[in-house]
Amino acid sequence: MIRNLSSRLRTLSTMPAQAAPPPQEEMPLWRIVRRYPLAHTVGRAQLSALLQVGVSGFSLLSPGEAFDPHAAVYLDTETTGLSGGVGTLAFLVGMGYLEGEEFVVEQLLLRDYCDEGAVLAAVAERISGRALVTYNGASFDLPLLRARMIMNRLQEPLGNPHTDLLTAARRVYKLRLRKCALTDIESGALGFVREDDLPGREAPERFFRFLRTREEELLLEVARHNAQDIVSLAALHGQLARLASQPEEGHRADAVGIGRLHERAGQLEWAERCYRIAAAGRPGSAEGMAARWALHRLYRRTKRPQEERDALLSLVDARVGGQEALLALAKVCEHRLKDYPTALYAVDEASQRARESGDAALLEELSKRRARIVRRAGKQSREDGVRHVR
């Protein structure tokens, strides 16, 4: 047995070596590039706004970052699952960026699972050193890409400066639109309605069908949907940045949200300006009521009790502030302004409403407050009389 094996090995060693098969050429990445002139519009919003807005507008949306639109990438992914989790990957990564006088959307797609590493490496190269702008990317796109890059042993940790416009869009538009999905923002804030668009929820199924059939049109429809997401994202960014510096150009309800962004950034004069724009509408409207409450809180924060009283009185007079406005009015008038007549008015109004609603606990509290205000008013009257005699 051993002898036979040895002879066979000697025979094999003397046989001429076969030529190695020629190396197979690697298939290039599936890349789609679309170019849009800066005059391109998404409803009422034009891409050129990205270059027309001052630095202050972008800085409000990207706190702590010196945002440069020329050094930004607008990123969106289409994935094999809509909830993330183990096994979910991005089969399409779309990236939008300014290039000369155009806005370019570059999309990288998987032909198969084995392409993932090369696609992610190309994404990492494109976004290197650039700020990222996404819509819900902080919760979905970036954690997913980061995990897949780690699994593919890539060094890119996705530590880029990042602006998630979903956060700003909710603060600015939720009072008026209620829903803040990107398509809701497109129709309600930008005035744009998609036609013949593939719903995003159908994207995963399209990819799996493509793997079975190799029909490229299945993914081309997904790519068109993704490209519109990116263009809308860039247009929305320009619109929000413009409103940040020109709040009077938007809807009054949106001015409330812009004011909140300014207030969070410590820009209190800008915040007051925005709230006053919104408060110019009907006191009973959603934006009118929200603006007056915001002014009340701002004046309390900046220790301006007279303006705080006026903001609360406007709520009370319009009968939209409820018991909360009456109690706040009573407190500021009693403790900070010593305006006891107005404090008594607020307490009596609140007491009447408490009796009508049968709120015995609140009624008892208001009774004690009223007695204290009467005592203080009497004391103030006596002191004023003494000063007058002297």
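Start by selecting Leu132 and His162: Leu132 stands opposite His162, which sits in strand β8. Before you click on, remember that what you have open is a predicted model.

**Stop 1: around β7 and β8**

Now widen the selection to the two strands, residues 131–134 for β7 and residues 162–164 for β8. They pair in the parallel sense, over three bridges. If pairing is new to you, here is the background: strands of a sheet pair through backbone hydrogen bonds, either parallel or antiparallel.

Show the side chains of β7 next. Ala131 and Val133 point one way from the strand, while Leu132 and Thr134 point the other way. Are these four buried or exposed? All are buried.

Move over to β8 and pick Thr163, which is found in that strand. With a relative accessibility of 6%, Thr163 counts as buried, because the cut-off for that is under 20%. What does Thr163 touch, leaving out residues up to four places away in sequence? Light up Leu61, Ser62, Leu132, Val133 and Thr134, and you have its contacts.

**Stop 2: along to β4**

On the other side of β7, select strand β4, residues 72–79. β4 and β7 run parallel and are joined by three bridges. For one pair to zoom in on, try Ala72, whose bridge partner in β7 is Ala131.

**Stop 3: β5 and its hairpin**

Keep β4 on screen and add β5, residues 90–99. This time the strands run antiparallel, and six bridges join them. Asp76 stands opposite Gly94 of β5, so to speak a handy place to put your cursor. Why is β5 described as largely enclosed by the rest of the structure? Nine of its 10 residues are buried, so the rest of the structure largely encloses it.

Next, bring in β6, residues 102–109. β5 and β6 pair in the antiparallel sense over eight bridges. Look for Glu99, and then for its bridge partner in β6, Glu102. These two strands form a hairpin with two residues between the strands. One residue to click on here is Gly100, which takes a positive phi near 65°.

**Stop 4: the whole sheet**

Add β1, residues 30–37. β1 pairs with β6 in the antiparallel sense, again over eight bridges. To see one match, select Arg35 and Val104: Arg35 stands opposite Val104 in β6.

Now color all the strands you have collected. In what order do the six strands of this open sheet lie? The order is β1-β6-β5-β4-β7-β8, and the pairing is mixed. At the edges stand β1 and β8, each with a single partner strand, so one side of each has no neighbour in the sheet. Turn the view and follow the twist, which averages 20° from one strand to the next.

With the sheet still colored, switch on helix α9. This helix packs on the sheet, touching β1, β4, β5, β6 and β7. Its direction makes about 145° with that of β4.

**Stop 5: α8 against α9**

Leave α9 showing, residues 217–245, and add α8, residues 203–213. The axes of these helices come within 8 Å and cross at roughly 155°. That angle makes α8 roughly antiparallel to α9. The crossing of the two is left-handed.

Which residues meet here? From α8, select Ala203, Arg206, Phe207, Arg209, Phe210 and Thr213; from α9, select Leu218, Leu219, Glu221 and Val222. By class, that contact has six nonpolar, one polar and three charged residues.

While you are in this area, click on Arg201, in the loop between α7 and α8. Arg201 counts as exposed because its relative accessibility is 62% and the cut-off is over 50%. Then draw a distance line from Arg201 to Tyr97. The two are 104 residues apart in sequence and 25 Å apart in space, C-alpha to C-alpha.

**Stop 6: α11 against α12**

For the last stop, select residues 268–279 (helix α11) and residues 286–301 (helix α12). They pack at an angle of about 150°, with their axes 8 Å apart. That makes α11 roughly antiparallel to α12, and α11 passes α12 in a left-handed crossing.

To see the contact itself, show Leu268, Glu272, Tyr275, Arg276, Ala278 and Ala279 in α11. They meet a set in α12 that includes Glu287, Ala291, Leu295, Leu298 and Tyr299. The residues of this contact divide into nine nonpolar, one polar and five charged.

Definitions and conventions
Residues are numbered from 1 along each chain as its sequence is written. This is a predicted model: local features need pLDDT of at least 70, side-chain atom pairs count only at pLDDT 80 or more; totals for chains, interfaces and linings use all residues. Side-chain values use heavy atoms; hydrogens and water are left out. Buried means under 20% relative accessible area, exposed over 50%, partly exposed in between (1.4 Å probe, protein chains only). Two strands pair if DSSP finds at least two bridges between them. Axes are lines fitted to C-alpha atoms, for helices over the stretch in contact, and angles run from 0 to 180 degrees between N-to-C directions. Angles under 35 degrees count as roughly parallel, over 145 as roughly antiparallel, 65 to 115 as roughly perpendicular and the rest as oblique. A crossing is left-handed if the near helix is turned anticlockwise from the far one by less than a right angle, and right-handed if clockwise. Contact means heavy atoms within 4.5 Å. Ala, Val, Leu, Ile, Met, Phe, Trp, Tyr, Cys and Pro count as nonpolar, Asp, Glu, Lys and Arg as charged, and the others, Gly among them, as polar.
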